[in-house]
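Ready for some practice? Take a look at the sequence and the model below, then work through the exercises at your own pace.

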Amino acid sequence: MARARSGGSERYGVPLIVRRGEPAALLPALASDCGASACHIIADDVERPVRRAQRAGCEALEAAGVDVCRWSSVLRSASRSRRSGSRR
């Protein structure tokens, strides 16, 4: 598993960043550090405790001015899915 992560990092020329802590504190700082203007996530495709952390992280990103783009679990934009009448 570690070899695949390392290989992907080398292949795309981007560093693997690992941080631990509360998403609401870490994600806005990480977005700022790397100059991100948007963050793409899978919308609520996780277990309940992780979902709370995901929502807190998204709220913190939005408060920091980062555009949060939510995707459904079938990898379509959640906003596109809502327009077509499907649920998140």
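## Exercises with worked solutions

This predicted model holds 4 helices and 2 strands.

**Exercise 1.** Work out in which order the helices and strands follow one another from the N terminus.

*Solution.* Start at the N terminus and walk along the chain: the elements run α-α-β-α-β-α.

**Exercise 2.** Find the residues that make up the largest nonpolar core, then list the contacts of V68.

*Solution.* Begin with the general idea: in soluble globular proteins, nonpolar side chains tend to be buried together. Here, buried residues make up 18% of the 88 residues. The largest nonpolar core has 6 residues: A31, I41, C58, L61, V66 and V68. Now turn to V68 and set aside its neighbours within four places in sequence; V68 then touches C39, I41, C58, L61 and E62.

**Exercise 3.** Locate the salt bridges and decide for each partner whether it is buried, partly exposed or exposed.

*Solution.* Recall that side chains of opposite charge can pair when their charged atoms come close. The count comes to 2 salt bridges.

- Step 1: R19 and D33 form a salt bridge, with 2.9 Å from N to O. R19 lies in the loop between α1 (2-12) and α2 (23-34), and D33 in helix α2, 14 residues apart.
- Step 2: Exposed means over 50% relative accessible area. D33 has 55%, so D33 is exposed, while R19, at 39%, is partly exposed.
- Step 3: R70 pairs with E62, their closest N and O atoms being 3.3 Å apart. R70 is partly exposed at 26%, and E62 is partly exposed at 38%.

Key
Residues are numbered from 1 along each chain as its sequence is written. This is a predicted model: local features need pLDDT of at least 70, side-chain atom pairs count only at pLDDT 80 or more; totals for chains, interfaces and linings use all residues. Side-chain values use heavy atoms; hydrogens and water are left out. Buried means under 20% relative accessible area, exposed over 50%, partly exposed in between (1.4 Å probe, protein chains only). A nonpolar core is a set of buried Ala, Val, Leu, Ile, Met, Phe, Trp, Tyr and Cys residues joined through side-chain atoms within 4.5 Å. Contact means heavy atoms within 4.5 Å. A salt bridge is a side-chain nitrogen of Lys or Arg within 4 Å of a carboxyl oxygen of Asp or Glu.
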